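Work through the exercises below with the structure in view. Try each task before you read its solution.

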Amino acid sequence: MRTLFIENREEINQVIRACKTCFLAMSDQDFPYVLPMNFALDSDTVILHSAQSGRMWETLKKNQNVCINWIIGEDLAWQDAKVGCSYRVKSKSVLVEGKVEFVEDFDEKTRCLNLLMSQYSDREFKFSKPAVENVGIIKVAIKKISAKEFGAKAVMPWNS
């Protein structure tokens with residue numbers, strides 16, 4: 001089984017959009033700190049939202065450099081059923097490195113909230129003024145993006 005790089009940006013975007021959760025990695029005083037997050041993809045920007053306080057918010061205020069990961073696929077495959085090291089989970093993974101920007105503008109926050117909701121639903125939503133003012137919106141401009149497919153061309157799926 002092979003690990004293949006995914007070079008096509010549209011295929012990379014399809015992997016991202018197929019996910020419901022991303023994992024945001026940041027550095028909190030020389031220690032890694034990772035959180036599952038809801039997200040939206042807006043061209044070359046990842047949009048995240050949270051409360052405007054707490055460990056994540058304070059960590060990002062000190063260090064805006066982040067890494068974001070998405071992964072899809074959980075099918076187990078193997079090359080030889082009797083060789084443990086030949087087993088692999090067939091999956092696709094995307095990594096993004098970038099820098100956080102905190103969004104303060106009311107209209108931009110509203111636009112970002114609509115993008116976030118469109119990742120999860122086709123419905124239209126309204127947001128109250130206090131909801132928009134009290135939510136923290138974070139944009140991560142994509143500086144570096146890479147993607148891989150794991151377990152490519154496996155001989156036999158787990159359920160065969």
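**Exercise 1. In which strand is the place of Cys22? Then decide: is Cys22 buried or exposed?**

Solution. Keep in mind that this is a predicted model.

Step 1. Find the element. Cys22 sits in strand β2.

Step 2. Check the accessibility. Its relative accessible area is 0%. The cut-off for buried is under 20%. Cys22 is therefore buried.

Step 3. List what surrounds the residue. Beyond its neighbours within four places in sequence, Cys22 is in contact with Leu35, Pro36, Met37, Phe39, Leu48, Ile68, Asn69 and Trp70.

Step 4. Add a distance along the fold. Cys22 and Asn38 are 16 residues apart along the chain, and 6.4 Å separates their C-alpha atoms.

**Exercise 2. Describe the chain as a whole, from its elements to its surface.**

Solution.

Step 1. Count the elements. The chain has 4 helices and 9 strands.

Step 2. Put them in order. Starting at the N terminus, the run is β-α-β-β-β-β-α-β-β-α-α-β-β.

Step 3. Give the extent. The C-alpha trace spans about 60 × 40 × 25 Å along its principal axes.

Step 4. Turn to burial and surface. The chain has 160 residues, and 36% of them count as buried. About 9,700 Å² is exposed, with 50% of that supplied by carbon and sulfur atoms.

Step 5. Look at the charges. There are 22 positive and 21 negative side chains. The centres of the two sets lie 4 Å apart.

Step 6. Ask how far apart in sequence the contacting residues are. Take the contacts with a separation of 6 or more: residues 24 or more positions apart account for 72% of them.

**Exercise 3. Which residues have the most contacts inside the largest nonpolar core?**

Solution.

Step 1. Start from the general tendency. In soluble globular proteins, nonpolar side chains tend to be buried together.

Step 2. Find the core. The largest nonpolar core has 28 residues. Leu48 and Trp70 have the most contacts inside it.

Step 3. Look for a further core. Another one lies apart from it, with 9 residues, among them Cys112, Leu116, Val132 and Val135.

Step 4. Trace the contacts of Leu48. Leaving out neighbours within four places in sequence, they include Cys22, Leu24, Met37 and Phe39. Ile68, Leu116, Ile137, Ile138 and Val140 are also among them.

**Exercise 4. Follow the strand pairings, from β2 to β7 and then from β4 to β5.**

Solution.

Step 1. Begin at β2. This strand runs antiparallel to strand β6 (residues 65-78), joined by 3 bridges. Leu24 stands opposite Ile68 in β6.

Step 2. Move on from β6. Here 12 bridges join β6 to strand β7 (residues 87-103), again antiparallel. Ile71 stands opposite Ser93 in β7.

Step 3. Go to β4 and β5. Strand β4 (residues 39-42) pairs with β5 in the antiparallel sense over 4 bridges. Ala40 has Ile47 in β5 as its bridge partner.

Step 4. Check the cover of β5. Strand β5 (residues 45-51) is mostly covered, with 5 of its 7 residues buried.

Step 5. Close the hairpin. β4 and β5 form one, with 2 residues between them.

**Exercise 5. Where is the place of Ser43, and where is Gln29 found? Examine phi and exposure for each.**

Solution.

Step 1. Place Ser43. The loop between β4 and β5 holds this residue.

Step 2. Read its phi. The value is near 60°, which is positive in a residue other than glycine.

Step 3. Judge exposure. The relative accessible area of Ser43 is 54%. Exposed means over 50%, so Ser43 is exposed.

Step 4. Repeat for Gln29. This residue lies in the loop between β2 (22-28) and β3 (31-37). Phi of Gln29 is near 50°, also a positive value in a residue other than glycine. Its relative accessible area is 59%, so Gln29 is exposed.

Step 5. Add a distance. The C-alpha atoms of Gln29 and Lys62 are separated by 9.0 Å, with the two residues 33 apart along the chain.

**Exercise 6. Is Gln119 buried or exposed?**

Solution.

Step 1. Locate the residue. Gln119 belongs to helix α3 (residues 106-120).

Step 2. Apply the cut-off. Gln119 has 13% relative accessibility, so this residue counts as buried.

Step 3. Name its contacts. Not counting residues up to four places away in sequence, Gln119 touches Ile16, Arg17, Cys19, Lys20 and Phe39.

Conventions: Residues numbered from 1 in each chain as written. Predicted model: local features only at pLDDT ≥ 70, side-chain atom pairs only at ≥ 80, totals over all residues. Heavy atoms only, no water. Buried < 20%, exposed > 50% of the residue type's maximum accessible area, 1.4 Å probe, protein only. Core = buried A, V, L, I, M, F, W, Y, C linked by side-chain atoms within 4.5 Å. Contact = heavy atoms within 4.5 Å. Areas by Shrake-Rupley, 256 points an atom, 1.4 Å probe, with all protein chains shown as cover. Lys, Arg positive; Asp, Glu negative; His and termini not counted. Charge placed at Lys NZ, Arg CZ, Asp CG, Glu CD. Pairing = 2+ DSSP bridges.
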